[in-house]
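Here are a few short exercises to work through with the sequence and the model side by side. Try each task before reading its solution.

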Amino acid sequence: MTRATSVPAPLLEACVTTGGEAEAAVAAGAHRLELCVRLDADGLTPPQELVAAVTAAASVPVVVLVRPRDAWTAGPGEVDAMAERVAAAVAAGGAGVAVGLLNGDGHVDQAALRTLVPAAAPRPVTFHKAFDRAADLDRALDAVLACGAARVLTSGGAATAWAGREALARLVERSGGALEVVAAGGVRADHAAALVRATGVPALHARAAAFPALAEALGPPYPSSSARSPSE
């Protein structure tokens, strides 16, 4: 495979669901992991035992998804329960958490996010792919920033990050570097370098199966395996 040249090396985040996937992804070049289960449901909160095992074994930061059920909104009492899970994930060794909730009108649930971000302190919070279901991505980005999240995981509102590359570029510019825009959704080795060039995203997110092809396509130099993004 021809390796990319003149492309700033993005941080590579692998979505993993088991200890074996985590180990393989790091060996293949992942710089950060997002740990979850049930990818068929767009990811759910992993068991605490799995969080403890993966964070103990991994040589790179592990972000723990906190999404207790297959929904993008929270019911009565769920935000407080999520805050407890967030704190537990951090206590178990998580280098950060990924959360995301919308209101019934399709906008970021800022009240919930203002509860969850402090629960993770001092670890950073990623607003996950609920972002792409928001009614207005620019407004959603402003809300995520206002609530103190450190990252947003997004395909620019499209089915894939490549299809949403124009929106991703706009979001990167709008963020002004105040948070990390992580391109996610169908990221593949055959277009990863072009995606980085087109958008300026500092990080890419893909399922574990995409490694090592993704890392090989982007080529060295990589950030060090112990690299931390801002606020980590």
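**Exercise 1: An exposed glutamate**

Glu173 has a relative accessible area of 66%, so it counts as exposed (over 50%; buried is under 20%, and partly exposed lies in between, with a 1.4 Å probe and protein chains only). This is a predicted model in which local features need pLDDT of at least 70 and side-chain atom pairs pLDDT 80 or more, while totals for chains, interfaces and linings use all residues. Residues are numbered from 1 along each chain as its sequence is written, and side-chain values use heavy atoms, without hydrogens and water.

Task: find the helix that holds Glu173, then the C-alpha separation between Glu173 and Arg133.

Solution.
- Step 1: Glu173 sits in helix 6, residues 165–175 (helices are DSSP runs of H or I with at least four residues, strands are runs of E with at least two, and both are numbered from the N terminus).
- Step 2: Arg133 and Glu173 are 40 residues apart along the chain, and their C-alpha atoms are separated by 20 Å.

**Exercise 2: A second glutamate**

Task: decide whether Glu78 is buried or exposed, and work out which residues it contacts beyond its neighbours within four places in sequence.

Solution.
- Step 1: Glu78 belongs to helix 3, which covers residues 78–91.
- Step 2: Its relative accessibility is 19%, so Glu78 counts as buried.
- Step 3: With neighbours within four places in sequence left aside, Glu78 is in contact with Arg69 and Thr73 (contact means heavy atoms within 4.5 Å).
- Step 4: The side chains of Glu78 and Arg69 also make a polar contact at 2.6 Å (a pair of N or O atoms within 3.5 Å, one able to donate a hydrogen and the other to accept it; residues adjacent in sequence count only if both atoms are side-chain atoms).

**Exercise 3: The nonpolar core**

Task: name the residues with the most contacts inside the largest nonpolar core, and the helix that gives the most to this core.

Solution.
- Step 1: In soluble globular proteins, nonpolar side chains tend to be buried together.
- Step 2: Here the largest nonpolar core has 69 residues, and Leu33, Val97, Val99, Phe127, Phe131 and Leu204 have the most contacts inside it (such a core is a set of buried Ala, Val, Leu, Ile, Met, Phe, Trp, Tyr and Cys residues joined through side-chain atoms within 4.5 Å).
- Step 3: Helix 3 gives the most to this core, with six residues.
- Step 4: Not counting residues up to four places away in sequence, Phe131 touches several residues, including Leu137, Val152 and Leu171.
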